Amino acid sequence: METKKTKKKVEGILKKEISRRDFIKTTALGAAGLSLSSWAPVPFTYGAQPPIKIGMLNEYTVFATEYGYWLGKVGRTAIAKINAEGGIAGRKLELHEYDTKANPAWSASMCRKMILEDKVDLIMGSIHSGVHLACFPLIKQYKIPLFSGGSMTYEFTGKDSLSLHGGYYIRNHSHARSQAVAAWKFGFNNLGKKWTFLNADYAWGHSLAREFGSRVRAAGGKTQDIFAPPATQDFIPFLQKVDPDTEVLFTAFLGSAGLGVLRQTVEVGLHKRLQRFTVICTTEGIGQEVVGKESIGAYYIEYHPRHLDQLPKELHPYEIAYRKACGVDKEGKEVGNPKVTIAGSHMYSMWIYPYMIKLGIEQSGWKDSKKNMDLIKAICSLKLKAGPWCPVGDLVMREEDHQGFNDFYISRVEPDLKLKILEIIPKEKAMYEPETDLRKIV
Amino acid sequence: MPEKNEIILELKEVNKSFGGLLAVNKVNLSVSKGELRALIGPNGAGKTTLLNLINGTLSVSGGHIFFKTKEITNLSPHRISHIGIARTLQITSLFSGLTVYENIWTAVQSRKKFFNPFIRAFKWQDVKEKTESMLDLTGFKDKAHLVCSELSYGDQRILEMGIALSTEPTLLLLDEPTAGLNSQESMVLVKKMRGMLSGQTIVLVEHDMGVVMELADNISVLHYGSILAEGPPDEIKENEEVKKVYLGSEHA
Amino acid sequence: MVSNLAVAILNGIVWGLIMALIALGLNMIFGLLHIINMAHGALYMLGAVVAWYVIELTGNFWIGLMVAPLCVGFIGLIIERGLIRTIEDKPIITIICTFGLMLAVQQLVLMIFGGSPRRISPPIAYRFPLFELQYPAMRIMIALISIAMMIGLWIFLRKTKYGLWMRAVVQDREMAVALGIPVTKVYMWTFVLGSALAAFSGVLAAPIVSVEFMMGREVLIMAFIIVIVGGMGNLEGSVIAAIMISLIQGVGALFVPPSIATVFALAFMIIVLLFRPQGLFGE
Amino acid sequence: MFIQKGKSFGFILIFILILLLLTALPFFVDLFYQTFLTELFVWILFAISFDLIFGYTGLLSFGQALFFGLGGYTVTILIRKFGLNTELSLFLSIIIPILFAWFVGFFSVKLTGIHFVIITIIFAIIGNIIGDTWTSFTGGADGLTFSPPPFRLGLFQIDLTDIKGNYYFVLAIVAISFLFLRRMIQSPLGKIFISIRENEERARLIGYNVQRYKLIAFIIAGGLSGLAGGLYSLTLKYASAGYLHWSVSGHAVVYTIVGGMGTLVGPAIGVGIVMSLEHYLINFLQATDLVVGIALVFMVLVAPKGLVGLIQSIFKKGETSA
């Protein structure tokens, strides 16, 4: 039963990339209770070696689905590509994929299902910090590496790492602190010294306000904090609290609230007297045309440009191949579905992990879970060069805290609603002192 | 006319208004022990409201209600039940999803004070015995296992009286026990009532004059919330005023 | 500060009227039929989604505003005939049934429409100055439409045959049957009208809140609270309740953190419920 | 009439058989099914505690999530932030929700019908907002993790990080709670709850202080929901503000209706069916909610009294036709 199911999944991917339409079709098929005979397994071609099982958790329903859709698609594509290129150490990758429902408790059950029933070797995915946190007790207990899809809580690679997850959490993308370290100066020098944070009233919004705010204040600027519920619809009560002398309005909301705050800032005319600054997470997976012309003039911190032509020239060949494999056009839209925008600043993590795992396994001689820590150590000391597997440019993993760094981009929405890159911030400028040292654990 | 003895229920100048409307207007009423007092009057005269005031379902706007010698004005219904006033409702009110046995049992055990959550209900021997004797009295012994929604309507009316009686009341308030019954069923009910309720002090609200004349010791006639006349059935029958406002209109 | 307060009060009233409009359809179904329709939020969302497709096709907001309620009203008809009708006298069962419906509709929309929020541009882009800020005329427009709908419904309920029938059915269903009122028909049309109103408010709210498959979830609960606190079936009550909630939230947020202001608003609703369970204007 | 001795004996026999089966099960099924069943037991406890207030007393409370979440947080925060032992934390995960249930119930039981539903939802929303916002204490939507010290009772000790240990621990507590609830429902107190469900006015007229008994039912249900929440966080080693969301109460409503309200076995069966369906479906498709939703609609049309009701009516039909 379980092997059939998992084979079916991977074979499906091998045969053709799973498109949105297929997702609908397969779910509809399942819903109708039809037999799954159409997924008949393709003959096994990898010899007697058992497959390497990879678990994947993403937000496919309920909340943050614009992320989950892309992280899932990219992860599936990358694993299919590794398999097409001969797998890892002669072994095939087998994917086990589950929905988090954006619900940490449910995700913990799914995580346990993957570890105990599917017996996965590694887990990757999810942008939800709560999902990762809920999985920590499990990955710590069973010593299963967890590769973050996009959780932004910097504490996960901070000083409590060891007690939180025992060093089994690996992150190759940015988070609230590295974003602040990299980008606060651009805002402070170019946009203004007096900042107001209007952020979602939960951990993510608070930590962005704290990380950016403390640096602005340390440099002699002034800050004001306003927090609004994460699902706020009407922002006028909050926008009217913005101090009259504010120069920079930093906002952080997800999904429709993220759109709402950008749009309503313009509706009340605040955009005329201040600059708007935000992280790309706010409208990730959402085109600027959805925000509308109200987004013109807003500054974003991107972790990987949405538009191909905004990327440094030397990375173009890799990016073109990566986009082609994942079905993304040069403007960051899904091929054949121009209403769907990529989660470009997050989904690359899922593209790179399978490759990092491949390198890690090859370097550490990993065979099974006994050498998981060696595998993690190998992965976390990788210094990736820009290439087909690393279209984001050089990516450095830091052994001390299992945290990765790559370049940041500051962009502004132009009148044609394009995100134009104004400045590239090299990864070195995003680095801060590691707060922990995980090198000593055995 | 029964001899005057201990007064069980006494209403002094009781008022009730809903918004601006005076539903009960300075009613004085006293019911002696063992008496069956009928309350009659046209629709909207305030009969049911008066019962609701006595048993605490509604709070009075003015006046006092005494039970024996104790004032019970505005006590809550469950307190009044414990003091010894039971009542039935115009629209049958039973635990309709439960069996006849459970209905009576629940009423019997309401006289107990302590409810131990760890004891099984049917182990309470005294409650069990009392329940069985109540089933005997009300004639439901053979039907005890039936869910009461399976009973005939007439039986349901009797069961409701049985429930009221099971709380061992000193005073019983009956609100139109024959409502919804045809005359034949009414007579069966009256016969039953005679057996079950002998010696009980009762205030009876009733539309069916036949039933009232048959059962009542005394009759009070309510009209627009006030007492119009009071006396034994024969006297009331002959009262001109009553004939005019009540009997006249009813039997026209 | 004074100007802040003035803006907060104006916005509180306007937003309250928008919320009241969202609660209006619920007030019909829930207040009149006493059916707890958990799928109401999903119908609200469906209205916005259908309107999005229509507006994509025609480019005209007002056509979307006309077409979406018709479509969703038709869906409401199917739901009433197919499901609710067989169980409408079992309130608890209707909760579960409509809850299941809500889950299914949300997932279907996710599959077809996708998960990321979409936009419906406001048909009126004009903004008028208000102290140091501006205020979007669209919101005033929605508030006015909300008032107009409320008055229209009030007249409908009191002056038309169907309205009288509806009220009669609410008063006493058996009596209504005895009087020859086609009760099942009244139920059906009330449900259809309620669904159409849900869609209508969804379309109107969409330019402010974005179109998304989950947009009905939290709104549903707020709308329920508004209808109950205002008094079931009581239109003016729910308007006042909605305005009170949003005023406490909006004005409160000037002085305390917004979550605390929301807690205050909810605590106020509890107090209203305890002292006036029949609703603000109930008898 | 009341359950007769023979029937009760039959129940005890079946209960012991099931318990024996469940005790033996970990030796035959793999670890995943043990954890799945552990979670299932926790939800059974939550569902039957909800059934006490809804199925037996007739009050549709959407506030149970509040007590579930409070129980979860009590265990999590006491162990993590105050270093308390597991025994005391779990005990307090009953007591603290009871205190809150007392407070919430004091106001809520004054209302009936839909007003009761709404007031309990409002209390749950307030709890959720506070849990979400007070991040320094609760971890907000992201939550808190902890690792529980072993549960000690005299010489007896259970390691809760061990799946088997956790399984038996939860099984024992849920079984005891089940028996407790069953006995309570058969007790005079339970009979009063049922009489309030059947006819509140009649119960009041025969002398029951209806509000007080409603409050008692609400408090007991709250305490057991809290215990379920405490066990849930002990199982996941995690708690978040999501536990407090009113939709968690919705789970209990679904389980109870699907299985059959007003029976203790019904909600337990409901939990088993819905959770198994979900865990089976997740192997094929992501949108489990679609199927669960359609299944719910279908379910209430076919068996409006739940599965237990359906089975009973089939039996009755058999009896009358025989």
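Me: How far apart are the nearest C-alpha atoms of chain A and chain B?

Reply: They are 34 Å apart, and chain A and chain B do not touch. Contact here means heavy atoms within 4.5 Å. Before we go on, note that this is a predicted model: local features need pLDDT of at least 70, side-chain atom pairs count only at pLDDT 80 or more, and totals for chains, interfaces and linings use all residues. Residues are numbered from 1 along each chain as its sequence is written, chains are lettered from A and ligands numbered from 1 in the order in which they are written, and side-chain values use heavy atoms, with hydrogens and water left out.

Me: And what about chain B and chain C, touching or not touching?

Reply: Not touching: the nearest C-alpha atoms of chain B and chain C are 10 Å apart.

Me: How do I read an interface, say chain D with chain C, and how much area is buried there?

Reply: Buried area is the accessible area (1.4 Å probe) that two parts lose on being put together, summed over both. For chain D and chain C that comes to about 3,200 Å², with carbon and sulfur atoms giving 89%. Chain D puts 33 residues into the contact and chain C puts in 36.

Me: Which elements of chain D give two or more residues to the side that touches chain C?

Reply: Helices and strands are DSSP runs (helices H or I, at least four residues; strands E, at least two), numbered from the N terminus. On chain D, look at helix 5 (113-133), helix 11 (246-259) and helix 13 (288-302). Helix 5 of chain D gives the most, with twelve residues. Sorted by class, that side of chain D has 27 nonpolar, four polar and two charged residues. In that sorting, Ala, Val, Leu, Ile, Met, Phe, Trp, Tyr, Cys and Pro are nonpolar, Asp, Glu, Lys and Arg are charged, and the others, Gly among them, are polar.

Me: How many salt bridges are there between chain D and chain C?

Reply: A salt bridge is a side-chain nitrogen of Lys or Arg within 4 Å of a carboxyl oxygen of Asp or Glu. Between chain D and chain C the count is zero.

Me: How many does the rule find between chain B and chain D?

Reply: One salt bridge, in which the side chains of Glu160(B) and Arg202(D) meet at 2.5 Å, N to O. There are also 16 residue pairs in polar contact across chain B and chain D (both at pLDDT 80 or more). A polar contact is a pair of N or O atoms within 3.5 Å; within protein, one must be able to donate a hydrogen and the other to accept it, and residues adjacent in sequence count only if both atoms are side-chain atoms. Helix 3 of chain B supplies the largest share of the side that touches chain D, six residues. That side of chain B divides into 17 nonpolar, 16 polar and five charged residues. Chain B and chain D bury about 3,000 Å² between them, 64% of it on carbon and sulfur atoms.

Me: Is Asp234(A) buried or exposed?

Reply: Buried means under 20% relative accessible area, exposed over 50%, partly exposed in between (1.4 Å probe, protein chains only). Asp234(A) counts as buried because its relative accessibility is 9%. You'll find Asp234(A) in the loop between strand 7 (222-228) and helix 9 (236-239) of chain A. Its side chain makes polar contacts with the side chains of Asn11(C) at 2.7 Å and Arg139(C) at 2.6 Å.

Me: Which residues are linked with Arg177(A) in a network of salt bridges?

Reply: In general, side chains of opposite charge can pair when their charged atoms come close. Here the network links Arg177(A), Glu211(A), Arg215(A) and Glu435(A). Within it, the side chains of Arg177(A) and Glu211(A) meet at 2.9 Å, N to O. That pair links distant parts of the chain, helix 7 (residues 176-191) and helix 8 (residues 203-218) of chain A, 34 residues apart. Arg177(A) is buried at 13% relative accessibility, and Glu211(A) is buried at 3%.

Me: Last one: which residues touch the most other members of the largest nonpolar core?

Reply: A nonpolar core is a set of buried Ala, Val, Leu, Ile, Met, Phe, Trp, Tyr and Cys residues joined through side-chain atoms within 4.5 Å. Of the 415 residues in the largest one, Phe212(A), Phe277(A) and Ile225(C) touch the most other members. Ile225(C) has contacts that include Ile245(C), Leu266(C) and Ile118(D), not counting residues up to four places away in sequence.
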